[in-house]
Amino acid sequence: MLFNSLGKKKEVFFTNKKKEVSMYVCGPTVYDLLHIGNFRGPIFFNFFRNFLEYKGYKVIYVYNYTDIDDKIINRSSEENISTYELSEKYINEFESDYASLKIKKPSFTPKCTDHIDDIIDFINDLIEKGYAYVSSNSVFFSIQKFKRYGKLSGKNTEDLLAGHRVNVNDKKENPLDFVLWKPSSGNDPGWDSPWGFGRPGWHIECSAMSSKLLGDQIDIHGGGVDLLFPHHENEIAQSECRSSCTFANFWVHNNLINFDNQKMSKSLGNIIKGRDFIRDYNPEIFKFLILSVHYRSILNFNKKIIDQTIGNLIKIYSALQLANTIMSSDLNIKVDVNYKNEFIKYNKKIDAFLNNDLNTPGVFGVLFDVIRKFNLLSVNKKITSEIKFFVDSFLKLIDKVGTLMGLFNESKSDFIMELNLLLLKSKSITLIDIENQIDFRNKARESKNYVLSDKLRDELLDRGIELKDNPDGTTNWSVKI
RNA sequence: GGUCCUGUGGCCGAGCGGCUAGGCAGAGCUCUGCAAAAGCUUCUACACCAGUUCGAAUCUGGUCAGGACCUCCA
């Protein structure tokens, strides 16, 4: 079952072609470094794509870059470089951030400016069919020609007209008409077209590239909820008028990211760039946090939530680390029927959550159940062949989920240390500080001066550092969240 | 103003008519020199008011609160 924004309810998923999925997701306009919210889409749709592949579909996944628009033009004139240089720069920056996320690349990442001919052909078709009209070097789409306008966003044209925010433009026949092609003047970038030198309007590029790369009727069209209207509504209008068939069978929209319950905006100054988050924290935390919340819910970012996420990851990775240690032992694995059945149940539960509109938080709930059972069997216990079978199954389960979500593949011990260092940094404590204190305390312990050693430990605890004495006399530390 | 969504315990977060979600935090216990980790047990819930039903966090209506979109936006 998949929630379809078109109709606003969950539907049984189907495809046009048997066992093949075409998916088009609206990508960013590349005029600046992207903020964390921009990455929710790529991370979620990567998972979605992996899940479809897991279900046996071949997936063709298109994620586009809008590399020509007014924001890009304004920004390039500010920076005194061409729009091409500007957009190439930020595409490269984005792709480098994307690569650091260690998730799969889309099948295609087309750029608008590489498809100007397709866009012009597309607009020509619309004019020929009577859905678009030329008006002083611009081309507009005539929304009253498309009876189903509003079917995605649930708006009707009367309501829209009643609103105060509709642009009045003399060149338009109807205020709701939107521009397909607009003239470029002065130094603005543009291309020759039957309607003069100009450039495409905002919505047309996605329709043109989608039909070019995936055909007139696609299975899934995705993007952020903020694109639902007008962008996706207009795409439907253009594409369905041109092709006379349904543009996309499923519309999938991911929700946005807030910071401290506020929308991120430049005026509030609370924008977190994806680059900064990845640098200050870690891509793994980013991915885990994003998938910890259902994709259709607003994800609220703040320091406390990030710290909790780090704590959850430490819990998972600690279990994985121990599991790997157990697997490297010489002990044979012996199948245990009870454990085997338990894992069949765990797998079923996970699949049920995934099949029910991609409920990733539910999957994590199951994972923590398994981890509790794993700890119960393994921590400070004598490992038997049966338990090793459990551990083996546990790792396979984690691997399955991790592969889908692009998670749990970090080097275990290094990553745990890294997470702890991150928490340390947020408490402004240095590593050397702690290590000195531990040395000092262990000397006191050796001489059985427990009064002193406990005092030293409590000092660290006051600063948020917990110690763990190992049976071999060494001491580990971790940060209390 | 129009259209729509949401409201779960100290925090985060599932739940889609009956069966413990889960994580963090709190309390008690086991373990330990004492701790920690880990495990076990346990305390805080379903905004409010009606209705439907044998039974509702879950469906319906209303009230209150918050949010989104209607303008560039992932």
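**Overall fold and local features of chain A**

Of the 481 residues in chain A, 37% are buried. The structure described here is a predicted model, and a walk through it can begin with the chain as a whole. Its secondary structure comprises 16 helices and 15 strands. Measured out along the principal axes, the C-alpha atoms occupy a box of roughly 90 × 55 × 40 Å. Among contacts in chain A with a separation of 6 or more, 73% join residues that are 24 or more positions apart.

Helix H16 offers a good place to look at one element in detail. This helix runs over residues 450–462, and its 13 residues, at 1.5 Å a residue, should span 18 Å; the C-alpha atoms at its two ends are 18 Å apart, so expectation and model agree. Three residues of H16, namely Ser-453, Leu-456 and Arg-457, are buried. Because these residues cover an arc of only 95 degrees around the axis, they sit on the same side of H16. The general geometry of an α-helix is helpful here: with 3.6 residues a turn, residues three or four places apart point the same way.

The other face of H16 has its own set of residues. Turned away from the buried side are Val-451, Lys-455, Asp-458, Glu-459 and Asp-462, which are exposed. On the buried side, the covering elements include helix H15 (431–446) and strand E14 (465–469). Just after H16 comes Gly-464, whose phi is positive, at about 95 degrees.

Positive phi values also occur at two aspartates. Asp-260 is a residue other than glycine, yet its phi is positive, near 50 degrees. Its place is the loop that links strand E11 (257–259) and strand E12 (262–263). Asp-260 counts as partly exposed because it has 13 C-beta neighbours inside 10 Å, where 12 or fewer would make a residue exposed. Asp-357, likewise not a glycine, has a positive phi of about 55 degrees. This residue belongs to the loop between helix H11 (337–355) and helix H12 (360–378). With 17 other C-beta atoms within 10 Å, Asp-357 is therefore partly exposed, as a buried residue needs 20 or more.

A further backbone feature is found at a proline. The peptide bond leading from Phe-229 to Pro-230 is cis, and its omega is near 0 degrees. Pro-230 itself lies in helix H7, which covers residues 228–243.

Key. Residues numbered from 1 in each chain as written. Chains lettered and ligands numbered in written order. Predicted model: local features only at pLDDT ≥ 70, side-chain atom pairs only at ≥ 80, totals over all residues. Helix = DSSP H or I, 4+ residues; strand = E, 2+ residues; numbered from the N terminus. Expected span 1.5 Å × (residues − 1). Arc of directions from axis to C-beta. Contact = placed C-beta atoms within 7 Å.
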